[in-house]
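Trainee: I should like to request a close look at a single part of this structure. Please take me through it in one connected account.

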Amino acid sequence: MSEKIIEKNKGLVKADFGFWVGLYMDKFYDTFEQKKIIGNKCQECGAVFVPPRNICGICNIKLPLDQNWIDVSDEGILINYTRTAYKVTDRRARKAKKLNDIGMVQLEGSDTAIVYPLIDFKEDDLKTGMKVKVKWKDNPTGGPSDIEGFIKG
Ligand SMILES: [Zn+2]
């Protein structure tokens, strides 16, 4: 038996919404205002999470909100990357004039990686394991876009 699917009115639905990132991410983004990055450390295994988590994925225990926050560097290692027409923050932007480089970066002092655009790299420049550093926005306000992306370290 086959099922026929008829697609009608293909298009985009626009919806404005705000969402709360939670207490851990709130604390994380607050420090961006001072161009600082923090992670939280598991009291059992010592793993450092950037972005922070409320449960350690290794030990499966709760990480307290009020303890074990540590500063990490705004420099790190490019773990992986991709070149795509999509933007990190806007998946509708399919027909971008230029391709964007998006990277997973493990900051020095962290055991996990964050995903941000890679800025001003030529394709041949990009290598996993290379050093990169945060490019901060001029006037950070304590939100995810305070980090514009990563540049050569
Ligand atoms: Zn742990």
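Which residues does S110 touch, not counting residues up to four places away in sequence?

Mentor: In this predicted model, S110 touches G39, V48, V50 and V72, with residues up to four places away in sequence not counted. S110 itself lies in the loop between β5 and β6. S110 counts as buried because 23 C-beta neighbours lie inside 10 Å, where the cut-off is 20 or more. The C-alpha atom of S110 is separated by 9.0 Å from that of N40, although the two residues are 70 apart along the chain.

The strands on either side of this loop form a hairpin with 6 residues between them, and G109 in the turn has a positive phi of about 100°. β5 and β6 pair in the antiparallel sense over 5 bridges, and D101 has L118 in β6 as its bridge partner. β5 also pairs with β4, again in the antiparallel sense, over 8 bridges; here N100 in β5 stands opposite T84.

The side chains along β5 alternate: D101, G103, V105 and L107 point to one face and are buried, whereas N100, I102, M104 and Q106 point to the other and are not. On the buried face, L107 touches residues including I37, V50 and V72, not counting those up to four places away in sequence.

V105 and L107 are also among the residues with the most contacts inside the largest nonpolar core, which has 20 residues. Elements giving two or more residues to this core include β4, β5 and β6, and the largest share, 3 residues, comes from β6.

Technical notes: Residues are numbered from 1 along each chain as its sequence is written. This is a predicted model: local features need pLDDT of at least 70, side-chain atom pairs count only at pLDDT 80 or more; totals for chains, interfaces and linings use all residues. A nonpolar core is a set of buried Ala, Val, Leu, Ile, Met, Phe, Trp, Tyr and Cys residues joined through C-beta atoms within 7 Å. A residue is buried if 20 or more other C-beta atoms lie within 10 Å of its own, exposed if 12 or fewer, and partly exposed in between; C-beta atoms are placed from the backbone. Helices (H or I, at least four residues) and strands (E, at least two) are DSSP runs, numbered from the N terminus. Two residues are in contact if their C-beta atoms, placed from the backbone, lie within 7 Å. Two strands pair if DSSP finds at least two bridges between them.
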